[in-house]
Amino acid sequence: MQQLASQRGGECLSSVYVLSTTPLLTVRRFSNFESRTVKEQEKLVAALKSLEGMIEDSMFTTKIGKEFSYDQVEAAMAYESPEGEKAVLVT
């Protein structure tokens, strides 16, 4: 499994986990909109309150590494950075 981050203007907007054993790119949908935490307002408020102080923490910031186009996805998946930077797919 390789994490690929999409970016806009140097800011990471999301991370996509790609699972593939073939040369084709397979992207699996992820959604937590059906979870109990999201559906039950009290739980959602409690979860957001517990996270609000940590959101700006650098621990949650993706270190942007080398940029790759979608036709270079194999190279992006093989990309490793000693500083922990992530491959970025750009259009």
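Reader: So, aromatic pairs in this one: how many are there?
Author: The count is 1 aromatic pair. Keep in mind that this is a predicted model.

Reader: Which rings are they, and is the pair stacked or edge-to-face?
Author: The rings belong to F68 and Y79. Their centres are 5.8 Å apart and the planes meet at 65 degrees, so the pair is edge-to-face; the cut-off for that label is over 60 degrees.

Reader: Where do the two partners sit in the chain?
Author: F68 is in strand β3, residues 64-69. Y79 is in the loop between α3 (73-78) and β4 (86-90). The two are 11 residues apart, and the pair links distant parts of the chain.

Reader: And F68, buried or exposed?
Author: F68 is buried, at a relative accessible area of 5%.

Reader: What about Y79, buried or exposed?
Author: Y79 counts as buried too, because its relative accessibility is 18% and the limit is under 20%.

Reader: Staying in that loop, where does S81 lie?
Author: S81 lies in the loop between α3 and β4. With 15% relative accessibility, S81 counts as buried.

Reader: Which backbone atom does the S81 side chain reach?
Author: The backbone nitrogen of E85, at 3.4 Å.

Reader: Let's zoom out. How many helices and strands does the chain have?
Author: There are 3 helices and 4 strands. Going along the sequence, the pattern reads β-β-α-α-β-α-β.

Reader: How much of the chain counts as buried?
Author: 18% of the 91 residues. As for the accessible surface of the chain, that comes to about 7400 Å², and carbon and sulfur atoms hold 53% of it.

Reader: What share of the contacts comes from residues 24 or more positions apart?
Author: Taking contacts with a separation of 6 or more, 30% are between residues 24 or more positions apart.

Reader: Got a pair of residues like that? Say V73, how far is its C-alpha from that of L24?
Author: The C-alpha atoms of V73 and L24 are separated by 9.0 Å, with their positions 49 residues apart along the chain. V73 lies in helix α3 and is buried, at 9% relative accessible area.

Reader: Now the outside. Which residues make the nonpolar surface patch?
Author: L51, M54, I55, M59 and F60 make a nonpolar patch of about 500 Å².

Reader: Take M54 from that patch. What is its place in the chain?
Author: M54 sits in the loop between α2 (41-51) and β3. Its relative accessible area is 34%, so M54 is partly exposed.

Reader: And where is F60 found?
Author: F60 is likewise in the loop between α2 and β3. At 47% relative accessibility, F60 counts as partly exposed, because exposed would need over 50%.

Reader: Which residues does F60 touch, if you skip those up to four places away in sequence?
Author: F60 touches M54 and I55 on that basis. Both of those belong to the nonpolar patch, along with F60.

Reader: Last topic, helix α2. What can you tell me about L44 there?
Author: L44 has its place in helix α2, and at 25% relative accessibility L44 counts as partly exposed.

Reader: Which residues does L44 touch, leaving out those up to four places away?
Author: T37 and V38.

How values were computed:
Residues numbered from 1 in each chain as written. Predicted model: local features only at pLDDT ≥ 70, side-chain atom pairs only at ≥ 80, totals over all residues. Heavy atoms only, no water. Phe/Tyr/Trp six-rings, centres within 6.5 Å; stacked < 30°, edge-to-face > 60°. Buried < 20%, exposed > 50% of the residue type's maximum accessible area, 1.4 Å probe, protein only. Patch = residues over 30% accessible without salt bridge, like charges linked within 9 Å, V, L, I, M, F, W, Y side chains within 5 Å. Areas by Shrake-Rupley, 256 points an atom, 1.4 Å probe, with all protein chains shown as cover. Salt bridge = Lys/Arg side-chain N within 4 Å of Asp/Glu carboxyl O. Contact = heavy atoms within 4.5 Å. Polar contact = N/O pair within 3.5 Å; in protein donor to acceptor, adjacent residues only side chain to side chain.
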